[in-house]
Amino acid sequence: MPSSTHLYSDRRFVVGVALFCCLLWGSAFPAVKAGYALLHVAKSDTAAQMLFAGWRFFAAGLILLVLAVASRRPIAVPRAQIGRLMGLGVFQTTLQYVFFYIGLAHATGVKSSIMNATGAFFGVVLAHFLFPNDKLTPRKVIGCLLGFAGVLAVNLGGKGFDFEFSLLGEGFVVAAAFVLAAGSIWGRAISQTCDPMVMTGWQLAIGGGVLLAIGAVAGGHLEAFDARSLALLAYMAGLSAAAFALWSLLLKHNPVGLLAVFNFLIPVFGVLLSALFLHEPVLAWKNAAALALVCGGIVLVTGRARSRQG
């Protein structure tokens, strides 16, 4: 419908929905850490981490597919699209969250939130090479450099300039951010010929199912299911369903580079919510410096996008 297309391209609507999605994704950092504690998932128990992730995203996919059926949208996809949707599910959901859940188990929520901001930079850079109307500008380059400086700042140790970085922790969080950036671009291409809600539902269900299989084959087991842990899991499934579906709709009608810069706000929400719910230090000088640099990157990159788009 033309009116829907106009709505999803309206600047105020785009900004509002993008902020809401980033708030939901930011809340995932403390939620995952809290889930590990409630379900007694150890840092080294990768199989249980995969089960936790699998139930979350499989449930999120089912939620979207049920909503699609309720709104009378056909959930059957053309045979030509099946392979693409399966590939997207394995790449953007399974691979991303293998990296994310392992990484978050080995790093704090505050630090992971800031490291995850690299996904915004990856999105801006990838868009430059893949879309002729979404090129890097000097302002964007400076913004990206500021953001990466923020990533360096948050990894400085407490003694001088020791660099605190581990492959399984911070390294995997950055890898997850890259997969998300690349997967978003892939999903944007598929959404041009497939309903975004249906596409996202199948993507999450397929990816979540593969995560469940990985966890089960590896001997994973989740303990201590009770009202609190089930409520948390339901919230996480709901936030994934809502955020990914809304983001796919925005991507269908807006440039990748414009939306990618909003991902810079995920660490802001993640840091604040991790400090609030996990009682992690947010006012340490390196965290404050990292947030300032990341926010500076947002101002520079979005400022250019607005002048070009507006």
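## Exercises on an all-helix model

Among contacts in the protein chain between residues at least 6 apart in sequence, 88% join residues at least 24 apart. Keep in mind that this is a predicted model. Let's work through some exercises together.

**Exercise 1.** Find how many helices and strands the protein chain has, and what share of its residues is buried.

*Solution.* Start with the elements: the protein chain holds 13 helices and 0 strands. Reading along the sequence then gives the pattern α-α-α-α-α-α-α-α-α-α-α-α-α. Next, turn to burial: of the 310 residues in the protein chain, 54% are buried. Finally, look at the surface: the protein chain exposes about 13200 Å², with carbon and sulfur atoms supplying 72% of it.

**Exercise 2.** Check whether the span of helix 3 agrees with 1.5 Å a residue.

*Solution.* First, note that helix 3 covers residues 46-70, which is 25 residues. The expected span is 1.5 Å times one less than the number of residues, so helix 3 should span 36 Å. Now compare: the end C-alpha atoms of helix 3 are 36 Å apart, which agrees. One more thing to spot is arginine 72, which follows helix 3 and has a positive phi, near 65 degrees.

**Exercise 3.** Describe how helix 2 and helix 4 pack.

*Solution.* Two packed helices are described by the angle between their axes and the distance between the axes. Here, helix 2 (residues 11-38) and helix 4 (residues 79-105) pack at an angle of about 70 degrees, and their axes are 10 Å apart. Angles of 65 to 115 degrees count as roughly perpendicular, so helix 2 and helix 4 are roughly perpendicular to each other. Their crossing is right-handed. To see who meets whom, pick out Phe29, Val32, Lys33 and Tyr36 in helix 2; they meet Phe100, Tyr101, Leu104 and Ala105 in helix 4.

**Exercise 4.** Is serine 229 buried or exposed? Is cysteine 295 buried or partly exposed?

*Solution.* Take serine 229, which lies in helix 10 (residues 227-253). Its relative accessible area is 4%. Buried means under 20%, so serine 229 is buried. Leaving aside neighbours within four places in sequence, serine 229 is in contact with Leu38, Leu39 and Ala224.

Now take cysteine 295, in helix 13 (residues 285-309). Partly exposed lies between the 20% and 50% cut-offs, so cysteine 295, at 30% relative accessibility, counts as partly exposed. As a last step, locate proline 267: cysteine 295 and proline 267 are 28 residues apart in sequence and 9.6 Å apart in space, C-alpha to C-alpha.

Key: Residues numbered from 1 in each chain as written. Predicted model: local features only at pLDDT ≥ 70, side-chain atom pairs only at ≥ 80, totals over all residues. Heavy atoms only, no water. Helix = DSSP H or I, 4+ residues; strand = E, 2+ residues; numbered from the N terminus. Buried < 20%, exposed > 50% of the residue type's maximum accessible area, 1.4 Å probe, protein only. Contact = heavy atoms within 4.5 Å. Areas by Shrake-Rupley, 256 points an atom, 1.4 Å probe, with all protein chains shown as cover. Axes fitted to C-alpha atoms, helices over the stretch in contact; angles between N-to-C directions. Parallel < 35°, antiparallel > 145°, perpendicular 65-115°, else oblique. Left-handed = near helix turned anticlockwise from the far one by under 90°.
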